[in-house]
Amino acid sequence: MFTQEQLDALQEIINIAMGQGADRLARLIETFVVLSVPRLYAVKGSDDMHEAHQQISKQPVITTRQSFIGPFRGEVLVIFGMNGANELAELMGYVDDGEAQIKEELILDLTNLLVGACISGICEQLHLEQSTFSSPTLFFEGETLNSFIQGTALKDSKALLVEIQFRIESHAFACELLICISNTSIKAVSDAVDRLIDSV
Amino acid sequence: MTMHIVIADDSSLSRKMVMKALPSNLKDVEITFARNGKEALDAYHCGKADVMFLDLTMPEMDGYTVLKSLKEIDANTIVIVISADIQPEAQQRVKALGAASFIGKPVTTDVLRQRIREIGLL
């Protein structure tokens with residue numbers, strides 16, 4: 001799907017995009033956000049997803065999904081460790097009117113923020129037309145990633161698995177992203193990455 | 001006298017971007033690439049770091065640790081941090097540790113050359 005050189009370049013592009021996401025989150029909660037070094041895995045089929053997913057997160061508690069549409073098209077899954085969700089809800093100024101509702105609002109807002117920053121940042125750096133976004137939805141625990149993939153158009157997609165962790169200092173919150181790129185976008189992304197590599 | 005410049009970044013793309021953005025009129029310059037914080041410190045100990053362009057998020061040893069170590073060894077080493085982590089607190093932290101300047105990624109030729117002028121390297 002991608003050469004190693006392209007993956008290295010994409011890793012840095014995503015690193016920069018997620019830096020913008022971390023900055024937005026940090027300004028929102030007025031707390032420093034710690035970013036990990038992103039790791040990328042190119043996956044060619046849904047059979048590989050389970051193994052790759054194990055590398056991303058051993059114990060996902062709750063997952064959200066959000067589609068992006070345009071020349072750069074696909075879907076992002078955001079895997080949240082919920083241990084720190086209550087602390088984060090407090091930092092983000094959520095009023096406690098029911099724990100489940102707070103967590104749902106919180107993770108959907110976070111999904112919007114992180115996916116928006118990541119995908120927009122990728123498009124901007126690769127000079128691709130900006131994608132538009134669907135509303136994020138919940139994808140609860142209990143369904144495996146493979147069954148999720150098989151039940152959607154994503155089964156025909158190739159996936160770029162991005163393992164990047166956001167941690168909030170002094171809090172237990174952490175989350176990870178998984179970007180599935182539609183087959184129809186692979187060539188456009190690949191060509192754009194090549195143009196960027198050739199320009200330096 | 002040769003100026004030794006270290007470009008420390010785990011991304012080959014970013015290392016090349018920084019090198020490309022360096023002013024073409026810098027004379028007698030030797031450039032060393034470091035792929036992680038440990039290699040950056042090794043380059044310094046080999047006497048090859050008058051100026052260091054330093055990423056923050058790197059494997060093995062992060063940029064904060066490198067910056068702190070460098071400044072403890074030699075407070076005069078010029079360190080320009082170039083990072084994707086553009087949070088205001090990250091910028092404050094590296095300034096407090098003694099960085100001469102902070103540049104958010106993606107680095108552009110104009111910004112890098114402006115910062116180089118500001119710290120008197122040109």
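**Entry 1: A:V76**

I started with A:V76, which I found in strand β4 of chain A, residues 74-81. The model I am reading is a predicted one. A:V76 has 1% relative accessibility, so I put it down as buried, the cut-off being under 20%.

Next I listed what A:V76 touches, leaving out residues up to four places away in sequence. The contacts are A:T64, A:R65, A:Q66, A:F68, A:V115, A:I119, A:L177, A:L178 and A:I179. For A:Q66 I also noted the spacing: 10 residues from A:V76 in sequence, and 5.4 Å between the C-alpha atoms.

**Entry 2: aromatic rings and charges over rings**

A:F68 came up as a contact of A:V76, and I followed it to the aromatic pairs. I found 1 aromatic pair over all chains. The partners are A:F68 and A:F72, with 4.9 Å from centre to centre and 50° between the planes, and the pair is classed as tilted. Both A:F68 and A:F72 are buried.

I then looked for charged groups placed over rings. In chain B, I found B:R15 over the face of B:F33, 5.6 Å from the ring centre. Another case runs from one chain to the other: B:R93 has its charged end over the ring of A:F32, at 3.9 Å from the centre of that ring.

**Entry 3: cavities**

Which space is left inside the protein? I counted 2 cavities of 30 Å³ or more.

The largest cavity holds about 50 Å³. I listed its lining as A:E5, A:D8, A:A9, A:I197, A:V200, B:S12, B:L13 and B:K16, which takes in residues of chain A and of chain B. At least two lining residues come from each of α1 of chain A (4-29) and α1 of chain B (12-21). Sorted by class, I have 4 nonpolar, 1 polar and 3 charged residues around this cavity.

The second largest cavity has a volume of about 30 Å³. Its lining is A:L10, A:I14, A:F72, A:I122, A:L160, A:I179, A:I181 and A:V189. Two or more of these residues are supplied by α1 and by β9 (174-181) of chain A. I sorted this lining as 8 nonpolar, with no polar and no charged residues. Two names here were already in my notes: A:F72 from the aromatic pair and A:I179 from the contacts of A:V76.

**Entry 4: the largest pocket**

I moved on to open space. The largest pocket has a volume of about 310 Å³. I counted 18 lining residues, and those nearest the centre are A:L196, A:V200, B:M17, B:P106 and B:V107. A:V200 is also on the lining of the largest cavity.

Which elements supply at least two residues each to the lining of the largest pocket? I noted α1, α4 (99-126) and α6 (183-199) of chain A, together with α1 of chain B. The largest share, 5 residues, belongs to α1(B). By class, I got 9 nonpolar, 6 polar and 3 charged residues for this pocket.

**Entry 5: B:P106**

B:P106 is among the residues nearest the centre of the pocket, and I checked its backbone. The peptide bond between B:K105 and B:P106 is cis, with omega at about 0°. I placed B:P106 in the loop of chain B that runs between β5 (101-104) and α5 (109-118).

**Entry 6: positive phi**

I found A:E30 with a positive phi of about 55°, and this residue is not a glycine. A:E30 is in the loop between α1 and β1 (33-35) of chain A. I recorded A:E30 as exposed because its relative accessibility is 74%.

B:D28, not a glycine either, has a positive phi of about 50°. I placed B:D28 in the loop between α1 and β2 (29-34) of chain B. Its relative accessibility is 43%, so I recorded B:D28 as partly exposed.

**Entry 7: A:E105**

I looked up A:E105 in helix α4 of chain A. Is A:E105 buried, partly exposed or exposed? At 36% relative accessibility, I entered A:E105 as partly exposed. A:Y94 is 11 residues away along the chain, and the C-alpha atoms of the two are 8.8 Å apart.

**Entry 8: chain A overall**

I closed with totals for chain A. I counted 6 helices and 9 strands. Of its 200 residues, 55% are buried. Taking the contacts in chain A between residues at least 6 apart in sequence, I noted that 73% join residues at least 24 apart.

Conventions: Residues are numbered from 1 along each chain as its sequence is written. Chains are lettered from A and ligands numbered from 1 in the order in which they are written. This is a predicted model: local features need pLDDT of at least 70, side-chain atom pairs count only at pLDDT 80 or more; totals for chains, interfaces and linings use all residues. Side-chain values use heavy atoms; hydrogens and water are left out. Rings of Phe, Tyr and Trp (its six-membered ring) pair if their centres lie within 6.5 Å; planes under 30 degrees apart count as stacked, over 60 as edge-to-face and the rest as tilted. Buried means under 20% relative accessible area, exposed over 50%, partly exposed in between (1.4 Å probe, protein chains only). A charge sits over a ring if NZ of Lys or CZ of Arg is within 6 Å of the ring centre and within 35 degrees of the ring normal. On a 1 Å grid over the protein atoms alone, a cavity is a set of points where a 1.4 Å probe fits but cannot get out, and a pocket is an open set with protein on both sides within 12 Å along at least five of seven lines; lining residues have an atom within 4 Å of a point. Grid points are joined across faces, edges and corners, and a volume is the space filled by probe spheres set on the points. Helices (H or I, at least four residues) and strands (E, at least two) are DSSP runs, numbered from the N terminus. Ala, Val, Leu, Ile, Met, Phe, Trp, Tyr, Cys and Pro count as nonpolar, Asp, Glu, Lys and Arg as charged, and the others, Gly among them, as polar. Contact means heavy atoms within 4.5 Å.
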